[in-house]
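Thanks, everyone, for making the time. I would like to walk through one model, beginning with the whole chain and then stopping at a handful of individual positions.

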Amino acid sequence: MQSDQNIDVRERFSRIRIKKAVIVTLLFLFLSSIFIVVGFNKLSGPNAEILTFYILYAVPFLIYLYTIKKYDLSSIAIFEGALTELRQVWFFVPLIIMTIGVVWVSIILLDLVSPDLAEWYFDWLNSVELFEIGPDTTLIQYGLIFFVGAVFAPLVEEIIFRGIMVERFGAKYGYKSAVIFSSLIFGVLHMDIIGAFVFGVVLSVLYLRTRSLLLPFLIHAANNGAVALLIFFDESINLEPMDSIETYLENIWIGFLLFVGSFGWLIWFLKDNWKIVHEAEAFPLKTKEDIDDFDG
């Protein structure tokens, strides 16, 4: 049972003007770039990167809070409910396995086409490091990195991709298109496009099933938190063999086992839940202002 505030927030998401949202987004990127440039000039290393990520997520979060307050709505209402579904937070496990499996199989297939191409792809994956973590990283820096990666980023991304985008594009184009489109954008903005796309689809379906961002947020946070801990304790758990492409090519069966197993879980999940996407109904238009917002 959803509260009236939860319903009002979701309805407001479905009424956001697309053109206005695009303009605000461009303005946000422009203003953020100024702060980021200033930050990199004043700071260096992890501190500059930490500042960059906090700015990138703080600005859209503040815009969200301002918009919610403007319409006298509760900023946490969209996270209400779904308490009986929290046991499914474990879904982050097959989603992580799927990401690993997709990367593993991609390396194997690329190697069949061109070993040089597979080597380039592998080197590119290893070159993308969001934060410079090393012996000099302080406990405070670890804490700030973990919070922005495992809490703040999932919180903001769920509001934007699962909350606003799914409801807005669901109202305009139908929820099936909204789930695919929002997940595609989510995938493009992440390093692992295929894995992130599937991740977005699963969380979008869970959002539509519960009409709450709580479960998607917790799964997203658990996923990012697990990855962050792996990075933090890289040396302690000896992941060095995974830094070599030979490890992937010599253990083809592991890659395909992870890939097939995780996609088997995905097929089961979608078979059980995709009907929810088809049955989801958009909020009805009530006034001329609603219609103007919908067309705008």
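I will start with the overall picture and the confidence, then take one helix pair, and finish with single residues.

What you have in front of you is a predicted model, and its secondary structure comes to 12 helices and 0 strands, so please keep in mind as we go that helices and strands here are DSSP runs. The protein has 296 residues, of which 42% count as buried. The exposed surface is about 16,200 Å², with carbon and sulfur atoms supplying 68% of it. If we take the contacts with a separation of 6 or more, residues 24 or more positions apart account for 79% of them.

Now to confidence: the mean pLDDT of the protein is 85, and 88% of the residues reach 70 or more. Where is the confidence lowest, and where is it highest? Helix α12, residues 288–295, is the lowest, at a mean of 50, while helix α8, residues 193–210, is the highest, at 94. Where pLDDT is low, the predicted coordinates should not be read in detail, and I will accordingly say nothing further about that end of the model.

Let me turn to α8, then, and to its packing against α11, which spans residues 252–279. Two packed helices are described by the angle between their axes and the distance between the axes. Here the axes of α8 and α11 come within 10 Å and cross at roughly 40°, and the crossing in which α8 passes α11 is left-handed. On the α8 side, the residues that meet α11 are Val-198, Val-201, Val-202, Val-205, Leu-206, Leu-208 and Arg-209, and among those they meet in α11 are Phe-263, Trp-265, Leu-266, Phe-269 and Trp-274. By class, this contact has 14 nonpolar, 1 polar and 1 charged residues.

Staying in α8, I would like to look at Ser-204, which lies in that helix. Is Ser-204 buried or exposed? Its relative accessibility is 0%, so Ser-204 counts as buried. Not counting residues up to four places away in sequence, Ser-204 touches Arg-162, Val-166, Val-179, Ser-182 and Ser-183.

That list brings us to Arg-162, whose place is in helix α6. Arg-162 is buried because its relative accessible area is 0%, the cut-off for buried being under 20%. Leaving aside its neighbours within four places in sequence, Arg-162 is in contact with Glu-157, Phe-186, Gly-200, Leu-203, Ser-204, Tyr-207, Leu-213 and His-220. Arg-162 and Ser-212 are also 9.5 Å apart in space, C-alpha to C-alpha, although 50 residues apart in sequence.

Further along α6, which covers residues 139–173, we find Gly-170. With a relative accessible area of 5%, Gly-170 is buried. Its contacts, again leaving aside neighbours within four places in sequence, are Met-165, Tyr-175, Ala-178 and Ala-282. Between Gly-170 and Phe-283 there are 9.4 Å, C-alpha to C-alpha, for a separation of 113 residues in sequence.

Next comes Leu-214, found in helix α9, and buried because its relative accessibility is 17%. Beyond residues up to four places away in sequence, Leu-214 touches Phe-79, Gly-81, Leu-83 and Leu-86. The C-alpha atoms of Leu-214 and Glu-158 are separated by 9.1 Å, with these positions 56 residues apart along the chain.

I would like to end with backbone geometry. Most residues other than glycine have a negative phi, and most peptide bonds are trans. Which phi does Asp-72 have? Asp-72 has a positive phi of about 55°, although it is not a glycine, and Arg-211 likewise has a positive phi of about 55° without being a glycine. Asp-72 lies in the loop between α3 (45–70) and α4 (92–113), whereas Arg-211 is found in the loop between α8 and α9 (214–232). As for their surroundings, Asp-72 counts as exposed because its relative accessibility is 66%, while Arg-211, at 14% relative accessibility, counts as buried.

That is where I will stop, and I am happy to go back to any of these positions.

Notes: Residues are numbered from 1 along each chain as its sequence is written. This is a predicted model: local features need pLDDT of at least 70, side-chain atom pairs count only at pLDDT 80 or more; totals for chains, interfaces and linings use all residues. Side-chain values use heavy atoms; hydrogens and water are left out. Helices (H or I, at least four residues) and strands (E, at least two) are DSSP runs, numbered from the N terminus. Buried means under 20% relative accessible area, exposed over 50%, partly exposed in between (1.4 Å probe, protein chains only). Contact means heavy atoms within 4.5 Å. pLDDT is the predictor's confidence in each residue, from 0 to 100. Axes are lines fitted to C-alpha atoms, for helices over the stretch in contact, and angles run from 0 to 180 degrees between N-to-C directions. A crossing is left-handed if the near helix is turned anticlockwise from the far one by less than a right angle, and right-handed if clockwise. Ala, Val, Leu, Ile, Met, Phe, Trp, Tyr, Cys and Pro count as nonpolar, Asp, Glu, Lys and Arg as charged, and the others, Gly among them, as polar. Accessible areas come from the Shrake-Rupley method with a 1.4 Å probe; for residues, only the protein chains shown count as cover.
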